[in-house]
Amino acid sequence: MKYESQRVAMPYFIFALILFAGQIVFGLVLGLQYVVGDFLFPEIPFNVARMVHTNLLIVWLLFGFMGATYYMVPEEAQTELHSPLLAWILFWVFAAAGTLTVLGYLFVDYARLAELTFNEYFPTMGREFLEQPTITKIGLLVVILGFLYNVIMTALKGRKTVVNIILITGLIGLAVLWLFAFYNPSNLATDKYFWWFVIHLWVEGVWELIMGAILAYVLIKLTGVDREVIEKWLYVIVAMALITGIIGTGHHFFWIGPPEYWLWLGSVFSALEPLPFFMMVVFAFNMINRRRRNHPNKAAMLWAMGTTVMAFLGAGVWGFLHTLAPVNFYTHGSQITAAHGHMAFYGAYVMIVLTIISYSVPIMRGRPYGNSNTAQVVEMWGFWLMTISMVFITLFLTAAGVLQVWLQRIPESGSALSFMAGQDQLALFYWMRFVAGAFFMAGLVVYFGSFFIKGQASPEEEVRGPATADA
C-alpha cells in the first residue's frame with residue numbers, strides 16, 4: 001500500500017460486508033414468506049422485511065463504493081487523502097444513521113416512524129426504495145457531500161487520471177440525482193416520473209461510471225497493460241452507458257401517463273443498453289489476454305472477469321428480455337422483473353465491490369500479492385457458490401414470471417387467474433428459489449471464512465514484459 005490514508009477504506013469495506021450478510025438473511029426471510037405466508041408474522045411482516053432487504057442493498061453498496069473511492073483516489077492522485085479524520089467521522093455518521101433507520105423499520109410501526117421523524121413537515125416517505133425517513137435522507141446527503149469534498153480535494157492536489165475523473169463524475173451524479181428523493185409531488189404519475197431519476201439513473205447511469213472506474217483500476221493493477229489502452233476503452237464504455245442509460249429511462253415511463261413517444265425512445269435505447277455491458281466483457285478479457293504479468297491474486301482476477309459476464313447477463317440479456325414496450329405490456333411488474341433485478345445487481349455492483357475488496361484488503365493487511373493460496377481457493381469456492389446460486393435464483397424467478405404472465409396477464413389463455421390464485425401456482429418455483437438462496441448464503445459464509453485463513457503469503461508476481469509506471 002503506497003499511502004497510509006488508504007487504510008480508511010477498511011472500516012467501510014468491513015461494515016459493507018456486515019450489511020451484505022444482513023441483506024441476504026432478510027432475502028431468505030422474504031423467500032420463505034412467499035410460500036409460508038405467516039412466517040415471523042406479526043414480528044416481521046413481508047413489507048418490513050422487503051424494506052430492510054432493499055435498503056440494506058443500497059446502503060452496503062454505497063459503503064462499498066465509498067471504501068473503493070478512499071482506496072483508489074489517493075493512489076491514482078499519488079497523494080495522501082485530504083482528510084482521513086473527515087472520512088472516519090462520515091463513516092460513523094453514516095453507519096449510525098443506517099443502523100438506526102433499519103432498527104426503526106423493524107421495531108417501530110412505519111406510520112409511527114414517520115411521526116417520530118417529523119415527516120409531516122417535509123414528507124418524503126412511503127415510496128418504494130425511498131422509504132427512509134426525511135432526516136435519514138438529509139443525513140445521507142450530508143455524508144455524500146462531505147465525502148465528495150474529501151475526494152475532490154484529494155484529486156485536485158495530485159495527479160489527474162481518467163480513472164479518478166470517471167469515478168468522481170459518477171459520484172457527483174449520484175449526489176445530484178439523490179436530490180430527487182426529496183421531491184414528492186401529490187400527483188402519482190409525476191411522482192413516479194421523477195422517482196425514476198433516482199432509481200433508474202443511479203443503477204443504470206452514474207453507478208455504471210463507478211463500476212467502470214473500479215474495474216479499470218483493478219485491471220491496471222492486475223494485468224500491467226498500459227494505462228492509456230485501458231483508459232480509451234473506459235471512455236467508450238462510459239459514453240455508451242450514459243447515452244443508453246439516460247434515454248433508456250423511458251422504459252419505466254411506458255404505463256404511467258407520459259407521452260406516447262416514450263414507447264419508442266424507451267424501447268430503442270433500452271434495447272441498446274446491453275452494449276456497454278458486452279463491451280465490458282470484451283474489455284476485461286482482452287486486457288487479461290494482453291497482460292504483462294501473472295499477478296498472484298487469482299481471486300481478484302476471477303471477481304473482475306465474473307462481474308463483467310454476470311453484469312452482461314443480468315443487466316444486459318435479462319434486461320433486454322422484457323424491455324420492449326410490446327413485451328413489457330405483459331411482463332411489467334412480474335417475477336421476470338425480479339429475476340432481472342437480482343442478477344443485474346449481483347453482477348454489476350455486488351461483484352465489483354467484492355472485486356475491489358478482494359484486491360485491496362490483502363494489501364491493507366500486509367499481503368501485497370494477495371492472500372495465501374489456501375485462502376484464495378476458499379474465496380473462489382465462495383465466488384462459485386454465490387454466482388451459480390444467483391444463476392439458479394434468476395432462472396427460477398424467470399420461470400415463475402413466464403408462468404405468471406401466462407396465468408394472469410393473457411386472457412386468451414383461458415385462465416386469467418386472480419393475483420393470489422396465480423401466486424399459488426408458482427409455489428414450486430418459489431421453493432426452488434429459496435433453496436438456491438440458501439446455497440447463496442452458504443457461499444457467502446465460505447467467502448467470509450476466507451478472510452480468517454492464514455498460510456504462506458503469495459509469492460511475488462511473475463512479470464511477462466516491461467512493467468509500467470502505474471503497475
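Visitor: Where is Gln-423 found?

Guide: Gln-423 sits in helix α15, which covers residues 419-425. A helix here is a DSSP run of H or I with at least four residues (a strand is a run of E with at least two), and the numbering starts from the N terminus. You are looking at a predicted model, in which local features need pLDDT of at least 70, side-chain atom pairs count only at pLDDT 80 or more, and totals for chains, interfaces and linings use all residues. Residues are numbered from 1 along each chain as its sequence is written, while side-chain values use heavy atoms and leave out hydrogens and water.

Visitor: Why is Gln-423 called buried?

Guide: Its relative accessible area is 11%. Buried means under 20%, exposed means over 50%, and partly exposed lies in between (1.4 Å probe, protein chains only), so Gln-423 counts as buried.

Visitor: Which residues is Gln-423 in contact with?

Guide: Leaving aside neighbours within four places in sequence, Gln-423 meets Tyr-34, Gln-335, Gln-404, Gln-408 and Tyr-430. Contact means heavy atoms within 4.5 Å.

Visitor: What makes a set of residues a nonpolar core?

Guide: The members are buried Ala, Val, Leu, Ile, Met, Phe, Trp, Tyr and Cys residues, joined through side-chain atoms within 4.5 Å. The largest such core has 141 residues, and Phe-20, Tyr-70, Trp-202 and Trp-207 have the most contacts inside it. Helix α7 (residues 188-223) gives the largest share of this core, 22 residues. Beyond four places in sequence, the partners of Trp-202 include Ile-58, Leu-62 and Trp-207.

Visitor: Why are α2 and α5 called roughly parallel or antiparallel?

Guide: The axes of α2 and helix α5 (residues 134-156) cross at roughly 15° and come within 9 Å. Axes are lines fitted to C-alpha atoms, for helices over the stretch in contact, with angles running from 0 to 180 degrees between N-to-C directions. Under 35 degrees counts as roughly parallel, over 145 as roughly antiparallel, 65 to 115 as roughly perpendicular and the rest as oblique. The two helices are therefore roughly parallel.

Visitor: How many residues of the contact of α2 with α5 are nonpolar, polar or charged?

Guide: They divide into 11 nonpolar, three polar and no charged. Ala, Val, Leu, Ile, Met, Phe, Trp, Tyr, Cys and Pro count as nonpolar, Asp, Glu, Lys and Arg as charged, and the others, Gly among them, as polar.

Visitor: Why is Val-48 called buried?

Guide: Val-48 has a relative accessibility of 11%, so it counts as buried. Val-48 lies in helix α2 (residues 46-77) and, not counting residues up to four places away in sequence, touches Tyr-105 and Leu-106. Val-48 and Tyr-110 are 62 residues apart in sequence, with 8.6 Å between their C-alpha atoms.

Visitor: What makes the phi of Leu-40 worth a look?

Guide: The phi of Leu-40 is near 60°, a positive value in a residue other than glycine. Most residues other than glycine have a negative phi, and most peptide bonds are trans. Leu-40 lies in the loop between α1 and α2, and at 33% relative accessibility it counts as partly exposed. Pro-42 is found in the loop between α1 and α2 too, and a cis peptide bond with omega of about 10° joins Phe-41 and Pro-42.
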